[in-house]
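Here's a walk through one protein chain, strand by strand and then outward to the whole fold. Keep the viewer open and follow along.

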Amino acid sequence: MPLVNSKELFEKAYKEGYAIGAFNCNNMEIVQAITEAAKECNSPVILQVSAGARKYAKPVYLKKMVEAAVEDTGLPIVLHLDHGADFEICKDCIDGGFTSVMIDCSSKPFEENIAITKKVVEYAHAHKPYVTVEAELGTLAGIEDDVKVEHGAESYTNPDQVEEFVKRTGVDSLAIAIGTSHGAYKFRPEQCTRDPKTGVLLPPPLRFDILEEVSKRLPGFPIVLHGSSSVNQEYVKIINEHGGALKDAVGVPEDQLRQAARMAVCKINIDSDLRLAMTAGIREHFEAHPDHFDPRQYIGDGRAYVKQLVKHKITDVLGSNDKI
Ligand SMILES: [Zn+2]
């Protein structure tokens, strides 16, 4: 099976009340961990590439690695551009064989966001085969590669704008801001309450009222959540117990993501959680084996942790297991 776009995957996900994981990748071990986990769970999967990943690994390497994963697993896999900043980068990816792109003009004025998104959609939909396009309304706080929004400067999606935006752009899916955030430090401690027993921060709940209102205005239309790592504390603990220093790293609770996946959310983006799992595996390895210097040994442990994490996400959070 060749790479696929996200259209049919989202239709089925919407109908059956689950979401597809969109995992960021930038090296071979991460691609393998994600796709081997998806294979074992019999789940479709989206591999997404940010501008930072393109800079780090070069687009041609990423594309060939993802193609290798398709060949190796036989899974329906979407190769998606995460946070395309302008028309040119989207065009470049479409021409280079990506099956889905995101154009992110969410920081621009509404009319400008519409104009650029529409241009990308026209180009992507004219492509053979059809390339799906995701856009964004509202802005998330936090840092993701080149995308940086200060806490306090984020804004929730305004449901009054979504119908007009989707109608005028022809976009295939829409990322909305309902309180998720990029990075491993999603919320400032003063936004959270602290669990008196564990000392772990509990973040403010997602704005499900906005999600509900948006899905009422756009029946059957796939919604996307960015910044949806949960910063699983088991990995933070391993990192901190093996020489790391991640203080007050906090994410979106998994039960809230599960709830969103049952609603109109068809794609959930997960990046920081993979980084944390990889780092936990490597740190643990180095402390246990200070004499090791073969990268296959420690990166292999990191890969095993990422794979275990992705299986957990697919089965317990996204609900996309056994959906092929
Ligand atoms: Zn994002």
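## β3 and its neighbours

Strand β4 (residues 100–103) runs parallel to β3, and three bridges join them; strands here count as paired if DSSP finds at least two bridges between them. One bridge sets His80 against Ser100 in β4. To get from β3 to β4 the chain passes through helix α5 (residues 87–95), and this β-α-β crossover is right-handed. Right-handed here says that, with the strands pointing away from the viewer, the path from the first strand over the helix to the second runs clockwise. Helices and strands are DSSP runs numbered from the N terminus: H or I with at least four residues for helices, E with at least two for strands.

A quick word on ground rules: this is a predicted model, local features need pLDDT of at least 70, side-chain atom pairs count only at pLDDT 80 or more, and totals for chains, interfaces and linings use all residues. Residues are numbered from 1 along each chain as its sequence is written.

β3 also pairs with strand β2 (residues 45–49), in the parallel sense and over five bridges. There, Gln48 has His80 as its bridge partner in β3. How well covered is β3 (residues 77–84)? It's mostly covered, with eight of its eight residues buried. Buried is used for 20 or more other C-beta atoms within 10 Å of a residue's own, exposed for 12 or fewer, and partly exposed for anything in between, with C-beta atoms placed from the backbone.

## β8 and Ala175

Moving on to β8 (residues 173–176), which is where Ala175 lies. β8 runs parallel to β5, with four bridges joining them, and pairs in the parallel sense with β12 over two bridges. In the β5 pairing, Glu136 has Ala175 as its bridge partner; in the β12 pairing, Leu174 stands opposite Ile223.

In a regular strand the side chains alternate between the two faces of the sheet. For β8 both faces are covered: Ser173 and Ala175 are buried on one side, Leu174 and Ile176 on the other. Why does Ala175 count as buried? Because it has 25 C-beta neighbours inside 10 Å. Leaving out residues up to four places away in sequence, Ala175 touches Glu134, Glu136, Val224 and His226, where a contact puts two backbone-placed C-beta atoms within 7 Å.

## Helix α11

Helix α11 (residues 272–288) has 17 residues and reaches 24 Å from its first C-alpha to its last, close to the 24 Å expected at 1.5 Å a residue. That expectation is 1.5 Å times one less than the number of residues.

α11 is mostly covered, since twelve of its 17 residues are buried. Among them are Leu274, Leu276, Met278 and Ile282, along with Asp273 and Arg283. The cover includes β1 (20–24), α2 (28–41), α9 (233–241), β13 (265–270) and α12 (295–318).

## Loops worth a look

Now for the backbone oddities. The peptide bond from Lys128 to Pro129 is cis, with omega near -10 degrees, and Pro129 has its place in the loop between α6 (110–126) and β5 (132–137).

Two residues other than glycine have positive phi values: Asn42, near 55 degrees, and Val231, near 50 degrees. Asn42 lies in the loop between α2 and β2, while Val231 lies in the loop between β12 (223–225) and α9. Asn42 is partly exposed because it has 13 other C-beta atoms within 10 Å, whereas Val231 has 24 C-beta neighbours inside 10 Å and so counts as buried.

## Core and overall fold

In soluble globular proteins, nonpolar side chains tend to be buried together. Here the largest nonpolar core has 98 residues, and Ile34, Leu47, Val101 and Leu174 touch the most other members. Such a core is a set of buried Ala, Val, Leu, Ile, Met, Phe, Trp, Tyr and Cys residues joined through C-beta atoms within 7 Å. Leaving out residues up to four places away in sequence, Val101 has contacts including His80, Leu81, Ile94, Val120 and Val133.

Zooming out, the chain has twelve helices and 13 strands, and 51% of its 324 residues are buried. Of contacts between residues at least 6 apart in sequence, 73% join residues at least 24 apart. The radius of gyration is 19 Å, which agrees with the value near 20 Å for a compact globule of 324 residues; it's taken over C-alpha atoms, and the globule rule is 2.2 Å times the number of residues to the power 0.38. The C-alpha trace spans about 60 × 45 × 35 Å along its principal axes.
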